[in-house]
Every structure is written in C-alpha cells, then in structure tokens.
Amino acid sequence: MTVTLSGKEIAGQLEEQFPESIVESCPDSLLVKSEFLLPVATFLKTTPGLDFGYLTSITAVDYYDYFEVVYQLTSMKHNHSLVLKTRCYGRDNPTVTSVIGLWRGAEFQEREIYDLMGISFNGHPHLKHIFLWESFQGHPLRKDYHSGA
Amino acid sequence: MEIGNIGEKYVYSETELDRAEGEAIESLKAHSQQPIPDPDRWLDEELRHNVLLTSVDAMLNWARRSSLWTVLAFPACCAFELIATAASRYDISRFGMEILRASPRQADLMITAGTLTWKMAPQIRRIYDQMAEPKWVIAMGACAISGGIFSGSYSVVPGYNRIIPVDVYVPGCPPRPEALLYGIKMLHDKISKRSIVEKSKQK
Amino acid sequence: MALKTELFVINFGPQHPSTHGVFRMRITLDGEVVVDVEPVFGYLHRGIEKLAEGRTYTQNIPLTDRLDYVSSMTNNQAYVMAVEKLAGIPVPERAEYLRVIMAELQRICNHLIAVGSFLNDCGAFMTPFLYMFREREKIIDLFEMACGQRLTYNYMRVGGVSQDIPEEFLPALDKFGREMPGFIDEYDQLLAENEILLARAKGVGILPKELAINISASGPVLRGSGIKWDIRKADPYSVYDRFEFDIPTGSVGDCYDRYQVRIQEMRQSVRIIKQAMEQLPEGEVLTEVPRRLRPPAGEAYGHIEAPKGELGFYLVSDNSDTPYRFHVRAPSLLNLTALQDMIVGWKVADAIIIFGSIDICLGEVDR
C-alpha cells in the first residue's frame, strides 16, 4: 500500500537543511517557497530514506491571487508518496524553476502548463506551445479567459 | 544532465515552421465563420422534372457507387467504429469499400470520423482539396455534425461543414456500424441521382 | 572519394496510416537513418479540462469516456474513484466486483487492439488485426449487454455502477472465460516464434531502466523494461487485494518485450475475471448520492492501473457542484517523453514500430 507521507514529517527534515523554505505543512501536502523549489526537490530525490525518484504528475491551479503548482512525487523503493506545492504570484508573467534536470518526465507537462496557464519555467530547453498553435491569444485554463467563439 | 540530452537544437528552424502553421490556422478560422451549403441539390423538384437520366448516367453512377474508396483521415473515437465496420462482423467489403487509401489522390470518399480542431482544420482542407472529382464526404458522429459533446470549446470546430462541404450526416456518439452502413446506403442513393449533363451545366 | 550527404527533414504527418491517430513527427534523416525526432501534437486538443469546469461531477463522466477512447471503462473508474475519495462516498461490494470485471475485460480489449495494430505496423497487413477484432467483438457484446453502448460506455457512477447486469451476462462471461485462453494460445502459436516478428522487434527501440523511471513511464512500457511496478499491487484500490495474479515483466525493454508483456497481461486478466465471477456477492449496486453532488472543499488525486499506464485524476473542489480544477494525468503523454531516445539511430521503418509499441491514444495525449 503506498503510504502518503505527511507534510509535517518531511517539514522537520527540511527545516534543518533549508531554513525558511517552508510556508505551510499540512497532513496531505507541503508548501515551499518558489525560490527553494529546486534545492528542496533535489534533496527529496537524493536523500536515502526519501528517494523520490518518480514524478507522478505536475499540475497548476489558478486561485485568483496566485497560481499554485502541484507536484505528486512517488518513491518506488520505499513505496511512499508526497504532494509538494509552490506558489507564484502575479498574472503577467509568473515564473517557476523547472525540475526537468531531476525528472525528465516534466518536459511535456511543463510545456502544457506554459501553454494553457501561462506560467513560465526557468531552465526548460524547449518552452513553447504544445497543444495550441503559435498565434493563439491568451491562456485558456485561466479563470479569466473567455472564449470569443 | 545525467540522463539523455535534451538541450540540442534541430537542423531546421522550428519556430519558423510553427509560426507558419499558426498563421495558416488563424486565417482559415477567420474565413470559416459560416457553414458551407450542401453541394448537390438533393430534392430539387425543378431539376427532377427537367433532367432525365440516360443509361450512360446509370452505368457511370453504378460504377462509382459500387466501390467507393475511403481516404484515411480519422482523428478520434469514431475511427474505432469505422474500423469495426471494416472488420469481419460488419463487413464493409461487401460494398467494395474495404480499401482505406492512405493517399487522397486515389480516394473518392472521406468519412470524417472524429472531432475536428482548429489546429487540424488546414490539414483536412488540404486532404479534401487533393482528392479528385467526383468526391463525397460523410460526416460521421455528433462531433462531425456540430461539435458534439465538445461544442463551445475554444479549440473545436463546430462541425466539418465549416471547412468542407458535407453530403451525408450520420448521427450517433459513436454511430453503430449499422448506422454507418445506413449512411453509406443513403450516399449510394444520392450518387445514383447524379447526371453528367447536369454537372457540365454547373461548370 | 567519400560520399557527401546532407540531412533531410521529412514530415510524418498528422494524416498517416500508422500513426494511431493525428500525431505528427518531424524526422531528420541522414539517408535512411533517423538523426533527430521532434514530436508535434495537439491536433486533437478539445479542451476537456476547461469544459469539465462548467459541468457537474456526474455530467463529466461521459467526458472522461472520450479521453482514452479505446478503454473507456477504466477512465470512468479512475474518475469516479477520485470523486469518491474527495467526497468520502462508500461503494457497495457488488459494485466493486462489477467494476473489476469490467476493467479487466477492458484491459483485454485494449491489449487486443494494441497488439493487432503493432503487428499491422510490422507488416502482417490485416490478418492478426482481424483475428483480434473478432475477439474484441465478443467482449463488446458483453459490454452491450451490461450497458447498451459499444465504445463509450458511461457505465460507472459516483458511488457504484449505473445498473446491474442482466441474467444472461454471467453465463456469457463464463463461456468467454473458458474460450479466451485458447485464443491467446492461438496467437502465441502464430506469432511468438515468428521469425519476421523476432527480426523486426527484438533488440529494437530499447528503453533502459533508469530512463524509464526518470521519464515517469508507466504500464507495459515500464514493465517491459524490467521494473515490477503495478498500481494494482503497489497501491491496491477497489477489491484487487482479494485476487491472486502475477505481474509480467520484460527484461531488455525492446519492442518484443512490450509485446510479450501485453500478451501475458491478457492471460492474467482472464484469471482475475474468473476469480471475480466466483466471489461476486449479491446486493445493491449504487449508493444514494444527491443529484447535485457538492463535495467538501479540498483536493484529491485518484489513480488506477489503466491498460496504457497509470491514469490519475487530480480534482480540486470549492464546495460547489462543479469541479474547480480537473486535471488528467495521462499515461500516453508521459510514455512519449523518451520517443527521441528510442528512435534515434534506427531506420524509418523501425521508427513506426517503436512508436506503435508504446501504444498511445491521442485522445489522452491531447485531451
């Protein structure tokens, strides 16, 4: 049975390594600041005992004040999973660091989030449209997108 | 990067290709705001009284409808009902239609099986233009008739008749193979009413 | 004097007989050998995630049917499991067993199409394909008995399944379960040691183990590379922990291994169906759920082992009757990430086979 790790347990380990990186830790998820996303993700992947080598999915949600990017991580070795979140503010050009260096499965999913939500990922080599065409105006999955047709 | 190399550039300029594709899509979208009217007049009373089908017409129409070759262009779910119609239980080969041609130049029927998106629309228009006359189109499924369950979406064309003229509409989501065969039979009836005299008058 | 060659770019267009849908690849060739591949998709992007935000939870079930349209039952199952997790709704036992029976029948159906089209691409033009469609018609007859539809079933509901099975279902299922292993043996006899298949598929398109985990592959693609990870055993959902079944794995990660994994999975599915039929209890099949379901505010991620890989739904609710965010974790999209690594270095004809052995469905990739 895959155990969903509580955010609070991991928060304890992370506080020693990266002080002030954690914004909120609840039983089912862990919220970190966007500057610390890449170091925290590297720590989660490489630490023995955690070993989150499998990225299940990346999503983004539009809560009007901020965008929240949600990472579902799984460890095949220990059969446990974790939900990692980060937020980015501003509607004009929100930016988050890309985790493609750690998990290549992020390649298409980050392009999809860029295409449909408008969040840019620093460090992604081919950040361009994946589902919509080049001259498409706007980002459809945002809550303030109204299609004309 | 320890696994694979993902940062390499391509030989061609991908941004130029993508931009050209995007412009083609936007211009097609701007020109397709109204549905295209039905190509042949089905029930035109005046025509029926004025044109008599000769035996040459009857033979030509019989030859054309007895082996319609379909072009392979099926985007989505209805494709599997089309393939099931072509498989052994609902054998479409008894109508001479078991050939699904990859090249549009050798086909004369397009069965549109699947949702059409604006990104795919220029390609479907190009395939239709490449088919030789006489050619017919069967719109299969709810998505092909009006956008179906996805109508109202930002990227779905509300029906194939915005892009290409459609002859027969087969409703269903997806239509059963029997429904598709009924639609093909309707197309056979339509073909048998054609006359070469009328066609030359149109030109 | 050495021969001077130039690189040549071809377009493996959206309309192509072997691309399993509208998928496009821009292939850079040096003679006949592939140097680079760029996949382009989005030709079937219908905006399902945006449409789902405007419909209620039950109205979204037909929308999920059209994601991976070859295996609709498992899409329904993943979605209703995510909603039940979000809202905390229990499911009666008979409904759970019926869900398992339908899901395993769907797995057999999907693998029949996958193997049939893979062999079609290999060059066996229509023969295995038509043989496998003959079995698929039998399974579709069973589905039609249960819910009336042939392709997009809309059978499962939040809290169970929509209707109970009729009386003639179980005898027909029993007959199918007795005959199917014989058909699989027939395919094995014709295909497993076939020298053309071995020459074309053995050693072609290898996906190494570490790369498979790194790209988040799942399903037969992951198991073909030798990693024993199946959600039905690792994180059992529904009543899968009451059945005995094995997880077939490959060793090398080439096309032949993925083909063998699918054939073996069909055998295991028949085994599960037989056990489920014996253990099927009596009872009701649907819990009472309000017409406009309003789950409490929160989020849930529900995932299952779909025939193509791990299918997951991430739902966010804000206590209204429509979802706030509806995201699909599509296995086909992630399995495609390593396409470049698998195809570069092989010839054009091998590119088609490698692409076919991944077994994607464009409805899921593009959503």
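In the predicted model, strands β6, β7 and β8 of chain C are arranged, in that order, as an open three-stranded sheet with antiparallel pairing. The edges of this sheet are occupied by β6 (298–306) and β8 (325–329) of chain C, and because each of these has a single partner strand, one side of each is left without a neighbour in the sheet. On average, and with direction ignored, neighbouring strands of the sheet are turned by 10° against each other. The antiparallel pairing of strand β7 (residues 309–317) of chain C with β8(C) extends over five bridges, and within this pairing Leu315(C) has Phe326(C) of β8(C) as its bridge partner. Helix α3 (residues 72–87) of chain C packs on the sheet and touches β6, β7 and β8 of chain C, its direction making about 150° with that of β6(C).

A second sheet is found in chain B, where five strands with parallel pairing form an open sheet in the order β2-β1-β3-β4-β5. Here the edge positions are taken by β2 and β5 (168–170) of chain B, each with a single partner strand, so that one side of each is left without a neighbour in the sheet. Strand β3 (residues 109–113) and strand β4 (residues 136–140) of chain B run parallel and are joined by five bridges; in this pairing, Val137(B) in β4(B) is the bridge partner of Met110(B).

Helix packing was examined next. Two packed helices are described by the angle between their axes and the distance between the axes. In chain B, the axes of helix α1 (residues 14–31) and helix α5 (residues 121–130) come within 9 Å and cross at roughly 80°, which makes α1(B) roughly perpendicular to α5(B). From α1(B), Glu21(B), Ala24(B), Ile25(B) and Leu28(B) take part in this contact, and they meet Ala121(B), Pro122(B) and Gln123(B) in α5(B). Classified by residue type, the contact of α1(B) with α5(B) comprises five nonpolar, one polar and one charged residues.

In chain C, the axes of α4(C) and helix α14 (residues 348–358) likewise come within 9 Å, but cross at roughly 180°; α4(C) and α14(C) are therefore roughly antiparallel to each other. Phe118(C), Asp121(C) and Cys122(C) form the α4(C) side of the contact, while Ile352(C), Ile353(C), Gly356(C) and Ser357(C) form the side belonging to α14(C). Four nonpolar, two polar and one charged residues make up the contact of α4(C) with α14(C).

The analysis then turned to open and enclosed space. Rolling a probe the size of a water molecule over the atoms shows where empty space is left. The largest pocket has a volume of about 1100 Å³ and is lined by 46 residues, of which Leu72(B), Ile83(B), Pro17(C), Asn120(C) and Met126(C) are the closest to its centre. At least two lining residues of this pocket are supplied by each of α4 (78–86) and β2 (100–101) of chain B and α4 (93–122) and α5 (127–147) of chain C, with α4(C) giving the most, namely six residues. The lining of the largest pocket divides into 29 nonpolar, 11 polar and six charged residues.

The second largest pocket, with a volume of about 680 Å³, is lined by 31 residues, and those nearest its centre are Thr4(A), Lys85(C), Tyr301(C), Gly302(C) and His303(C). Two or more residues of its lining come from each of β5 (66–75) and β6 (80–89) of chain A and from α3, α4, β6 and β7 of chain C. The largest share of this lining, five residues, is contributed by β6(C). By class, the lining of the second largest pocket consists of 13 nonpolar, 10 polar and eight charged residues.

Among enclosed spaces, eight cavities of 30 Å³ or more were counted. The second largest cavity has a volume of about 150 Å³, and of the 16 residues that line this cavity, His129(A), Leu132(A), Asp18(B), Lys119(B) and Val40(C) are the closest to its centre. The elements that each supply at least two residues of this lining are α3 (106–117) of chain A, α1 of chain B and β3 (33–40) of chain C. Seven nonpolar, two polar and seven charged residues compose the lining of the second largest cavity.

Definitions and conventions:
Residues numbered from 1 in each chain as written. Chains lettered and ligands numbered in written order. Predicted model: local features only at pLDDT ≥ 70, side-chain atom pairs only at ≥ 80, totals over all residues. Heavy atoms only, no water. Pairing = 2+ DSSP bridges. Helix = DSSP H or I, 4+ residues; strand = E, 2+ residues; numbered from the N terminus. Axes fitted to C-alpha atoms, helices over the stretch in contact; angles between N-to-C directions. Contact = heavy atoms within 4.5 Å. 1 Å grid on protein atoms, 1.4 Å probe; cavity = no way out; pocket = protein on both sides within 12 Å on 5 of 7 lines; lining within 4 Å. Points joined across faces, edges and corners; volume = space filled by probe spheres on them. Nonpolar A, V, L, I, M, F, W, Y, C, P; charged D, E, K, R; others polar. Parallel < 35°, antiparallel > 145°, perpendicular 65-115°, else oblique.
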